[in-house]
Amino acid sequence: PEPALQKCGIAQILEGTISLVSVKARSQGITIRKDIDAVLPETVADKEQMRQVFLNVILNAMESMPDGGALEAGAKSIENKKGVSAIEIKIKDSGCGIPFEMIKKVSEPFFTTKTEGTGLGLFITSRILERHKGSIAISSEQGRGTTVSIELPIV
């Protein structure tokens, strides 16, 4: 659906999402480290859709570490390459990584490397971010993990 935009604090949404998955993470032997700036500017977003974005990315990260590992979640204010003030959210895992040739495909609908799942998580995430005038970038190294960088404009 179209986003129901309102002023909100991205840090609180990210913190809430991390709290939501923390018990599952601990049970999988995953430690979560947070580096979220204490004072982030507000932005205009749909809180529930942003929660879905963070949940999709964090759950993908956790699934890439079936034998445990580390997940880092950070958020800070930046001036992006276009000179626009933005909030940058990074979610990094120590999982298996994504082969280079598959990175461009992970945001395509129905693409998955898992035995279960629809392959729609990152596609939906990308669409939500587009509607928020944000962006997503994925970098990965096989065997060393993946970093998902999300940018949202400060409004």
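A disulfide is a pair of cysteine sulfur atoms within 2.5 Å. By this rule the count comes to 0 disulfides. The legends below describe a predicted model.

**View 1. The whole protein chain: 3 helices and 7 strands.**
Read along the sequence, the elements follow the order β-α-β-β-α-β-β-α-β-β. The C-alpha atoms fill a box of roughly 40 × 30 × 30 Å along the principal axes. The radius of gyration is 15 Å. A compact globule of 155 residues would have a value near 15 Å, so the protein chain agrees with that expectation. Of the 155 residues, 41% count as buried. Contacts between residues at least 6 apart in sequence were also sorted by separation, and 69% of them join residues at least 24 apart.

**View 2. The surface and charges of the protein chain.**
The protein chain exposes about 8,900 Å². Carbon and sulfur atoms supply 52% of that area. The protein chain carries 19 positive and 19 negative charges. The mean positions of these two sets are 1 Å apart.

**View 3. Two cysteines, C8 and C96, with their accessibility.**
C8 has 3% relative accessibility. Buried means under 20%, so C8 counts as buried. C96 has 47% relative accessibility. That value lies between 20% and 50%, so C96 counts as partly exposed. C8 appears again in View 5, among the residues that A45 touches.

**View 4. T17 in helix 1.**
Helix 1 covers residues 10-27, and T17 lies in it. T17 has a relative accessible area of 0%, so this residue is buried. Which residues does T17 touch, not counting those up to four places away in sequence? They are R51, F54, L55 and I58.

**View 5. A45 in strand 3.**
Strand 3 runs over residues 43-45, and A45 lies in this strand. A45 is buried, with a relative accessible area of 0%. Leave out residues up to four places away in sequence, and A45 touches A4, L5, Q6, C8, M50 and H132. A86 can serve as a distance marker for this view. A45 and A86 are 41 residues apart in sequence. In space they are 13 Å apart, C-alpha to C-alpha.

**View 6. N60 in helix 2.**
Helix 2 holds residues 47-63, and N60 is found there. Is N60 buried or partly exposed? N60 is partly exposed, with a relative accessible area of 27%. S27 gives a second point for this view. N60 and S27 are 33 residues apart in sequence. Their C-alpha atoms are 16 Å apart in space.

**View 7. E88 in strand 5.**
Strand 5 spans residues 85-93 and includes E88. E88 has a relative accessible area of 15%. The cut-off for buried is under 20%, so E88 is buried. Neighbours within four places in sequence are left aside here. E88 is then in contact with G74, A75, K76, I78 and I150.

**View 8. F100 and K104 in the loop between strand 5 and helix 3.**
F100 is found in this loop. F100 counts as exposed at 75% relative accessibility. F100 and S140 are 40 residues apart in sequence, but 7.4 Å apart in space, C-alpha to C-alpha. K104 lies in the loop between strand 5 and helix 3. K104 has 77% relative accessibility and counts as exposed, because exposed means over 50%. K104 and N80 are 24 residues apart in sequence. Their C-alpha atoms are 22 Å apart in space.

**View 9. K133 in the loop between helix 3 and strand 6.**
Helix 3 covers residues 121-131 and strand 6 covers residues 135-141. K133 lies in the loop between them. Phi of K133 is near 60°. This is a positive value in a residue other than glycine. Is K133 buried or exposed? At 71% relative accessibility, K133 counts as exposed.

Terms used
Residues numbered from 1 in each chain as written. Predicted model: local features only at pLDDT ≥ 70, side-chain atom pairs only at ≥ 80, totals over all residues. Heavy atoms only, no water. Helix = DSSP H or I, 4+ residues; strand = E, 2+ residues; numbered from the N terminus. Rg over C-alpha atoms; globule rule 2.2 N^0.38 Å. Buried < 20%, exposed > 50% of the residue type's maximum accessible area, 1.4 Å probe, protein only. Contact = heavy atoms within 4.5 Å. Areas by Shrake-Rupley, 256 points an atom, 1.4 Å probe, with all protein chains shown as cover. Lys, Arg positive; Asp, Glu negative; His and termini not counted. Charge placed at Lys NZ, Arg CZ, Asp CG, Glu CD.
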